[in-house]
Amino acid sequence: MQVEVSLTVNGAAVTATVEPRTLLVQLLREHLALTGTHVGCDTSQCGACVVHVNGASVKSCTMLAVQADGASVTTIEGLATDGTLHPVQEAFREHHGLQCGFCTPGMVMSAVDLLQNNTSPSEAEIREWLEGNICRCTGYHNIVKAVQHAAAAMRG
Amino acid sequence: MYAFTYQKPKTVAEAAAALAADGDAKVVSGGQTLIPTLKQRLAAPSALVDLGSIEGLAGITVAGDTVTIGAMTKHAAVAHSAEVQGAIPALAALAEGIGDPQVRNRGTIGGSIANHDPAADYPAGCLGLGATIVTSKRELSADDFFTGMFSTALEDDELVTAVRFPKPKRAAYAKFPNPASRYAIVGVFVADTASGIRVAVTGAGGGVFRATELEAALTAKGFAAGSLDGVTVSSDGLNSDIHASAEYRAHLITVMAKRAVAAAG
Ligand SMILES: Cc1cc2nc3c(=O)[nH]c(=O)nc-3n(C[C@H](O)[C@H](O)[C@H](O)COP(=O)(O)OP(=O)(O)OC[C@H]3O[C@@H](n4cnc5c(N)ncnc54)[C@H](O)[C@@H]3O)c2cc1C
Ligand code: FES
Ligand code: FES
């Protein structure tokens, strides 16, 4: 069975023909060549695949492409505007919030969702929010620091 | 993942008919349990029937002393609902403690209770509060709905459509989470309700169950953590795995029950 899906990805209208079993992350990576969204596990636990669907962060490896029909999806590629990094991306760069970078797209997308719901999260709230994002390199310390600085920058 | 066909019915009746017509079809709601299961090839449904386009299945209403939550209501919506926080704060807190933010943004109450994972949180809330499970065919008490590990009273072509929670006098949920998965190693929901004190336990056994010895102690000696001093729960039949032995889980039931009673105030 093949199904046609139409959705908005990073502001652009997209139509694709997929199998019902195609995951949203496969649609993004394999059909649309948006390889910034990563796959780090097959148990829905690592968060490397986090994107926004209708503004809320979700694991794109745990959603079918057909379930995103009609939705508006934002990936890590859609965060920067005209070559200027999003404040969360800038803070990760500035505060060394990454080492190998594999978890980073998911971390950034997750953190952006946190900051749109809570403009000044405490350290504990940041750590709790990042429950679904696993990093094997940094020990989280600089990730938390980056999110704190991004929050401050975005509050202006 | 094995291949399957996909349908997106517009009504509960259409969804139920699709299930009745094909015994190997399965419902998908939030997909936070089903999709990982499909990816591991632990299930091979012929078709998925997506409840995502059925109007009226998601939403929260409070009328009098009853909170009704539609089956497709996401964990995050329950956690952040001012109505639920006002009427049954323990239920909002339970929802906020499920998994992680991204799981809460997709997972639904209907999927959670239909799945009846023996370590899931909502079954404890439903059984502890004495909720009524509304299905496409009938209404069931939580006591009758949860029948055993990953099993419920649901028939193959029956859907959960909503859960009705009576507002308790006071209630709280205390969970000892597995640090990796966040599922309950032991979770205890206590409620002081119009029809008596109820204590529901998840994570410890083959499915959610009521700790009758703790209910009896709280009823006899009063709704206070001290009433549970020296009260033990038998480890017979409890789960034993790499995370915790049956004896440890039995011990944790009383500890978590005391914490919940203290938190309920
Ligand atoms: C990383 C991770 C961590 C998690 N941690 C926790 C946790 O700490 N505590 C916890 O309780 N849960 C946890 N979960 C599970 C999560 O809460 C799921 O959302 C929930 O168990 C299933 O809900 P769903 O809507 O995603 O259902 P789905 O995955 O869509 O469906 C689950 C099952 O229920 C059936 N079903 C779905 N909806 C209905 C319906 N309305 N009527 C009849 N049958 C139906 C499906 O056919 C399927 O068999 C976790 C999941 C993940 C991936
Ligand atoms: S790839 Fe690990 S959670 Fe999605
Ligand atoms: S930077 Fe390597 S996994 Fe996070």
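**Domains and ligand 1 in a predicted model**

The C-alpha centres of domain 1 of chain B and domain 2 of chain B are 26 Å apart, in a model that is predicted.

Me: How do you know that domain 1 of chain B and domain 2 of chain B are in contact, and how many residues does each give?
Reply: Contact requires heavy atoms within 4.5 Å, and 10 residues from domain 1 of chain B and 13 residues from domain 2 of chain B take part in it. The two domains, 5–50 and 60–264, bury about 910 Å² between them, with 67% of that area on carbon and sulfur atoms.

Me: Which residues of domain 1 of chain B supply more of the area buried against domain 2 of chain B than any other three?
Reply: They are Val12(B), Ser29(B) and Gln32(B), which supply 44% of the area that domain 1 of chain B buries there. Ser29(B) and Gln32(B) also appear among the closest residues to ligand 1.

Me: What makes the pair formed by Ser29(B) and ligand 1 a polar contact?
Reply: A polar contact is a pair of N or O atoms within 3.5 Å; a polar side-chain atom of Ser29(B) lies 2.7 Å from a nitrogen atom of ligand 1, and the pair therefore qualifies. By the same cut-off, a backbone N or O atom of Gly30(B), at 2.8 Å from an oxygen atom of ligand 1, qualifies too, as does a backbone N or O atom of Ser112(B), which lies 3.4 Å from an oxygen atom of the ligand. The protein covers 95% of the 970 Å² of accessible area that ligand 1 has on its own.

Me: Where does ligand 1 lie, and which element gives the largest share of the shell around it?
Reply: Ligand 1 lies between chains A and B, and the largest share of its shell, 4 residues, comes from H7(B). The elements giving two or more residues to this shell are strand E2 (25–28) and helix H7 (109–115) of chain B. In total 32 residues surround the ligand, and they divide into 12 nonpolar, 15 polar and 5 charged.

Me: What is buried between domain 1 of chain A and domain 2 of chain A, and which residues of domain 1 lose the most area?
Reply: Domain 1 (3–78) and domain 2 (87–155) of chain A bury about 1200 Å² between them, 59% of it on carbon and sulfur atoms. On the side of domain 1 of chain A, the residues that lose the most area are His38(A), His52(A) and Ile76(A), together 39% of what that side buries. The contact joins 17 residues of domain 1 of chain A to 15 residues of domain 2 of chain A, while 21 Å separate the two C-alpha centres.

Notes
Residues are numbered from 1 along each chain as its sequence is written. Chains are lettered from A and ligands numbered from 1 in the order in which they are written. This is a predicted model: local features need pLDDT of at least 70, side-chain atom pairs count only at pLDDT 80 or more; totals for chains, interfaces and linings use all residues. Side-chain values use heavy atoms; hydrogens and water are left out. A residue is near a molecule or strand if one of its heavy atoms lies within 4 Å of it. A polar contact is a pair of N or O atoms within 3.5 Å; within protein, one must be able to donate a hydrogen and the other to accept it, and residues adjacent in sequence count only if both atoms are side-chain atoms. Accessible areas come from the Shrake-Rupley method with a 1.4 Å probe; for residues, only the protein chains shown count as cover. Ala, Val, Leu, Ile, Met, Phe, Trp, Tyr, Cys and Pro count as nonpolar, Asp, Glu, Lys and Arg as charged, and the others, Gly among them, as polar. Domain bounds come from an automatic or database domain assignment. Buried area is the accessible area (1.4 Å probe) that two parts lose on being put together, summed over both.
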